[in-house]
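Let's take a friendly walk through this assembly, going from chain to chain and pausing at the places where the chains meet. Keep the viewer open as you read.

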Amino acid sequence: MSNSLKSDPRVVYLILLLVVTVPLLTHSVVAVPVTPTTLALYQFIEKLPANSLVFESFDYATSVVPELHPQAIIVTQHLFLRPLKVLFVSQGVDGPTLADAVLDTINKGNKTYGVDYANLGYIPNSATLIGMPANISQFLPVDTHGNPTARLPIIKEFPAAKQASLVITYDDDGSAMYAYLQYWEGRYGIPVAVGATATVAPGFMPFYNSGQLVGILFSIRGAAEYESLVFQEYHCCLGLSGSSSSMVALSAAHLLIVAMVAFTNAAYFVTRIRNRRSNKA
Amino acid sequence: MSSDKKKMSREEFGLQIIIFGLGFFYAIVYYVAVPGVVDLQAVSDQLLAYVTAVLTAAFAIGVINLTRVHWINIKRKRATWRYSVILLLSLYTMLVFSLIASPFALDPNAVVIPASVIQFSTPIWEFLYYKTLVNINSSIFSLLAFFIASAAYRAFKARSLESTILLVAGLLVVLGQAPIADLIWPGFSIIRDWIMAFPNTAGQRGIIIGAALGIIVFSVRRLIRYDW
Amino acid sequence: MIELVPGRISQAVLLIIVLAAIYAATRIASKRHLKTRGIPGLERIDEWIKEAAGLKRPVFYTPGTGGITDPDTLAGLALLEYVVNHCVEHDARIIVANSDPQVQQMTEDMVKRAYSKAGREKDFSPDMVRYVSTRQFAYAAGVMGILRREKPAVNFFVGSFQAEALQIAETGRTEALYQFGGTTNTDQLPFFTTTCDQTLIGEELYTAQGFLSSDPDVISKLVGSDGGKILAILLILAGVLLATLGSSFLINLLGL
């Protein structure tokens, strides 16, 4: 098999395809242990006083929808289950649309647009990001529905972004997170949390360990962990984000990679021993 | 590489003064304020807005370049001319429907564009965006899983002490990430958390500090064009 | 009245000290004969380009997905200038793929100027410098397509890369003879090191320019950068020691 792997990687691709597809088709589910970074974010949101303002920043592109969209869905649902006010913004062009898609998915309860939440749309440059903590409506004059933001009750209640108790950014490359850390957390002390893809999330650990980030969600697994926490407290929303059903497929893919690496190394060592023996002979 | 030590012409010198001035203005604005006289931050924000406007215009040049290259492909019937037709059709179809029916539509309140046109275009745009663009982008991204699998089995070989350490640490983190691994042994996630919190953080910080210092020197040398 | 912004005073002082340390170290090093390990692989660029010219296969270069304000992209463009000049010198065809339209303008200008300098304006074709897409994975798909169709002899992936790095590097590995990668993105570096023959890791991206120029002072400049690093290490050690002893003096000082 090792020679097949070396000569044609499509063998590996086929095995991986089967290993990922079968659990998805059989809808297998497994319990997910919660990581400290996910728990930290959950507890932070749980402890926010009623009527606190939270910004959700949709800074990912459509390509990472399978990884970050489930995070956005379940965290937004959690925010809507609590008595909090939520403003949606985005530093990416796909953000406003993706925020609307999340709002169409969750149960908004008795929350009203413009009073409890609003989608303020795209932040075009860092000048807007720098200015928003002082005055939101000056820098984002209309929301995604064309309503003047200055007339929205939520903006009348919270005219400046520095009144926010938390910013959660769903970021696929880290650029938005660095911007929030630099301009909002560094200058105004607004706590920042991030939902990230599996490739970039490890790079954010220094910021979490230094206290600059209050929590990190690692990829679709973070969404599944968060979903289990929400289910434990509120007895709802299991399966809402679609992440929990992916955990068996995710685990199978990880275990396949471990098995392939172990197999390749075993074959490598056997070959080395055989060569040494034939050289001695 | 061109040497920067040759004498600058008057035009180059003038340009260099502008580059130097603006570059250091932005650096200084971060540290210095002149309260009651001028809001330096507002000035720099305004300049940045002008820069954004100019840079945004360059996107049009990108579209023109794409159109030119692929139009030449079609005209000369090169080997891949059919794909160029598909590309140009997709580009301009998406452009037209996005201008009419997306969240960034030119006329959302139907002042110029008839409401019936917007109503007709909206489900088409939603189909193109949600059912086509999102899925295609996600599919290309998902190719990464296959590439990582083939890169992993090729790269993780215990040829030396360092590669063995890399192999063991990598496998432990991969195992720790798999939710099902905790059912085998709960220690996997504890080990993964430790590796991420300590060796990984230390390595990341080292590279971040080195790169940051490199950026400072590189940027200063670019701004002042003096090799020191 | 000019004031220093509270919370950034120590940063300003530290920046001045770091720049002074770098300058002082550069001056001291320029008076001594110092050796450096060099950056492996840089000397092979010329050899690879000659081989590409001999095989009549193109040289492919992409500075990644960053914009012109990204330092990695600027460092990638600095190396591109070197590669383009050598491609023109050895008559190797160059293909440059860009994700950012502003970067595309710069790379097109760079390639055009290289041909003009060699008196071969007519050999330049707009096809050599392509804008692919600003969207990350449309760019990745486009680059993968170019690599599969054009089958370059040498691939250069030097600049700012995100998740698309592995896709294009893996595709390039199967199509090209040699690959040269470079980025400061710590998430993508492992993928470059497994797929590329040579990789510029972290700040090597910024110092490569010095090595490739015929500048005799390159070593002293490297020592200058190392001067800044030594200062950072001393601060870290001091901070660790003080924190272990229960003192927050340095933390408070740096927070001024």
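In what order do the six strands of the open sheet in chain A run? The order is S3-S2-S1-S4-S5-S6, and the pairing is parallel. Before going further, please keep in mind that everything here is a predicted model, with an ipTM of 0.77 and a pTM of 0.83.

Back to the sheet of chain A. Its edges are formed by strand S3 (117-122) and strand S6 (213-218) of chain A, each of which pairs on one side only. Going from one strand to the next, the twist averages 15°. For a look at one of the pairings, turn to strand S4 (residues 166-171) and strand S5 (residues 192-196) of chain A: these run parallel and are joined by five bridges. Within this pairing, Thr169(A) stands opposite Val194(A) of S5(A).

Helices lie across this sheet too. Helix H3 (residues 36-46) of chain A lies across S4, S5 and S6 of chain A, and its direction makes an angle of about 125° with S6(A). Helix H9 (residues 175-188) of chain A lies across strand S1 (53-59), S4 and S5 of chain A, in this case running at about 160° to S4(A). You can therefore find S4 and S5 of chain A under the two helices H3(A) and H9(A) by following the strands that each one crosses.

Now move along chain A to helix H12 (residues 247-280), where Asn265(A) sits. Which residues does Asn265(A) touch, leaving out those up to four places away in sequence? They are Lys157(B) and Ala158(B), so this residue of chain A has its contacts in chain B. Is Asn265(A) buried or partly exposed? Asn265(A) is partly exposed, because 19 other C-beta atoms lie within 10 Å, while a buried residue needs 20 or more. To get a sense of distance within chain A, compare Asn265(A) with Thr105(A): the two are 160 residues apart in sequence, and their C-alpha atoms are 46 Å apart in space.

Those contacts of Asn265(A) lead us to the meeting of chains A and B. Here 46 residues of chain A and 40 residues of chain B take part. On the side of chain B that touches chain A, the elements giving two or more residues are helix H2 (40-75), helix H4 (115-155), helix H5 (161-177), helix H6 (181-184) and helix H7 (187-224) of chain B. H4(B) gives the most, with 13 residues. Sorted by class, this side of chain B has 25 nonpolar residues, ten polar ones and five charged ones.

Chain B itself is assigned three domains: domain 1 (11-73), domain 2 (79-143) and domain 3 (156-228). Between the C-alpha centres of domain 1 and domain 3 of chain B there are 35 Å. One residue of chain B deserves a pause for its backbone. Ala110(B) is not a glycine, yet its phi is positive, near 55°. You will find Ala110(B) in the loop between helix H3 (81-101) and H4 of chain B. Ala110(B) counts as partly exposed because it has 13 C-beta neighbours inside 10 Å.

Chain B also meets chain C, with 44 residues of chain B in contact with 51 residues of chain C. On the chain C side of this contact, 23 residues are nonpolar, 16 are polar and twelve are charged. The two chains also share a strand pairing: strand S1 (residues 32-33) of chain B and strand S1 (residues 3-4) of chain C are antiparallel and have two bridges between them. In this pairing, Val32(B) has Leu4(C) as its bridge partner.

Our last stop is chain C, which is divided into domain 1 (9-37 + 220-254) and domain 2 (44-196). The C-alpha centres of these two domains of chain C are 35 Å apart. Chain C has a residue with positive phi as well: Lys151(C), at about 45°, is not a glycine. Lys151(C) belongs to the loop between helix H5 (136-150) and strand S5 (154-160) of chain C. With 15 other C-beta atoms within 10 Å, Lys151(C) is partly exposed.

How confident is the predictor about chain C, and which elements have the lowest and the highest mean pLDDT? The mean pLDDT of chain C is 87, and 96% of its residues reach 70 or more. Among its elements, helix H8 (residues 204-212) of chain C has the lowest mean, 79, and strand S2 (residues 59-64) of chain C the highest, 96. Where pLDDT is low, the predicted coordinates should not be read in detail.

Conventions:
Residues numbered from 1 in each chain as written. Chains lettered and ligands numbered in written order. Predicted model: local features only at pLDDT ≥ 70, side-chain atom pairs only at ≥ 80, totals over all residues. Contact = placed C-beta atoms within 7 Å. Helix = DSSP H or I, 4+ residues; strand = E, 2+ residues; numbered from the N terminus. Nonpolar A, V, L, I, M, F, W, Y, C, P; charged D, E, K, R; others polar. Pairing = 2+ DSSP bridges. Buried ≥ 20, exposed ≤ 12 C-beta atoms within 10 Å, placed from the backbone. Domains from an automatic or database assignment. Axes fitted to C-alpha atoms, helices over the stretch in contact; angles between N-to-C directions. pLDDT = per-residue confidence, 0-100.
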